[in-house]
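Open the viewer and keep the selection tool at hand. We will go stop by stop.

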Amino acid sequence: MLTKQDFLDKIGQSIGDYPDIAPLWKVDDPRTKQITDAMATMLSMLSQQIDVAMAEPFVKSRDATVLADAAIRGISNEAKPATVQLTVTNENLVPVQIQAGMALLDSNGNRYVVTEPATIDASTLVSSAYVPGTGTIQAKQYYTETIVETATRSEDFYAVAIPEANDNAYISKLTVFLADSDTPYQYANKLINVFAWGKNIHG
């Protein structure tokens, strides 16, 4: 990789070919020094990019290359939902059944999905006062959104853009269905052993 100083040295070697500005350049006159300094800086940056591009297939230093390589290997940029234990208070006089799959919302607006069913005891009368029943439930912090895409053309490797979440959420799972079917597309790593007429998701 060529550095900024390498280019400045070359400029110094050839500046004598221009006798009108050579004296100004040699005394670091800003009218010439700023221009040559900027050019040397830009050329050194270009040299660095060229070196990175030449080594990119082997070192994979750019984010886009890393993500593309991971997608080819079947490694997607997905998050793992947090598993939490929530304390639930029941002020009713009867027990409350909480079923698996139930969606919950806490006071901060965080959304959870119950993973194990639980029964929260009813309030009990203690010293002329009702004490709420309490219990714990297991839940995961995630929610499901549905995106409808209408294919406007027929092409190989049809791409569907996933809009970025406005609450800084990450994708933990991606499933593709046809509108008139409950059978999801199958994920195909590197498109190996895929029939030409098969329905597959890749990348």
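**Stop 1: the largest core.** This is a predicted model. Select Phe-7, Leu-8, Ile-11, Ile-15, Ala-22, Trp-25 and Ala-40. These seven residues form the largest nonpolar core. Now colour helix H1, residues 4–14, and helix H2, residues 22–26. Each of these two helices gives at least two residues to this core. Which helix supplies the largest share? That is H1, with three residues.

**Stop 2: a second core.** Next, select Val-88, Ile-98, Ile-120 and Ile-137. They are among the six residues of another core, which lies apart from the one at the previous stop.

**Stop 3: Trp-25.** Go back to Trp-25 and show what surrounds this residue. Leave out residues up to four places away in sequence. What does Trp-25 touch? The list is Leu-8, Ile-11, Gly-12, Ile-15, Thr-32, Lys-33 and Thr-36.

**Stop 4: two helices crossing.** Keep H1 on screen and add helix H3, residues 30–59. The axes of H1 and H3 are 8 Å apart. The two helices pack at an angle of about 135 degrees. Angles over 145 degrees would count as roughly antiparallel, and 65 to 115 as roughly perpendicular. H1 and H3 are therefore oblique to each other. The crossing of H1 past H3 is right-handed.

Now show the side chains where they meet. On the H1 side, select Lys-4, Phe-7, Leu-8 and Ile-11. On the H3 side, select Thr-36, Asp-37, Ala-40, Thr-41, Leu-43 and Ser-44.

**Stop 5: Leu-125.** Move along to strand S6, residues 124–126, and select Leu-125 there. Is Leu-125 buried or exposed? The relative accessible area of Leu-125 is 56%. Exposed means over 50%, so Leu-125 counts as exposed. Then add Leu-93 and draw a line between the two C-alpha atoms. Leu-125 and Leu-93 are 9.5 Å apart in space, with their positions 32 residues apart in sequence.

**Stop 6: the whole chain.** Zoom out and colour by secondary structure. The protein chain has four helices and ten strands. Follow the chain along its sequence: the pattern reads α-α-α-α-β-β-β-β-β-β-β-β-β-β.

Switch to a surface view. The protein chain exposes about 15,900 Å², and carbon and sulfur atoms supply 55% of that area. Of its 203 residues, 15% count as buried. Last, turn to contacts between residues at least 6 apart in sequence. Among these, 52% join residues at least 24 apart.

Notes:
Residues are numbered from 1 along each chain as its sequence is written. This is a predicted model: local features need pLDDT of at least 70, side-chain atom pairs count only at pLDDT 80 or more; totals for chains, interfaces and linings use all residues. Side-chain values use heavy atoms; hydrogens and water are left out. Buried means under 20% relative accessible area, exposed over 50%, partly exposed in between (1.4 Å probe, protein chains only). Contact means heavy atoms within 4.5 Å. Accessible areas come from the Shrake-Rupley method with a 1.4 Å probe; for residues, only the protein chains shown count as cover. A nonpolar core is a set of buried Ala, Val, Leu, Ile, Met, Phe, Trp, Tyr and Cys residues joined through side-chain atoms within 4.5 Å. Axes are lines fitted to C-alpha atoms, for helices over the stretch in contact, and angles run from 0 to 180 degrees between N-to-C directions. Angles under 35 degrees count as roughly parallel, over 145 as roughly antiparallel, 65 to 115 as roughly perpendicular and the rest as oblique. A crossing is left-handed if the near helix is turned anticlockwise from the far one by less than a right angle, and right-handed if clockwise.
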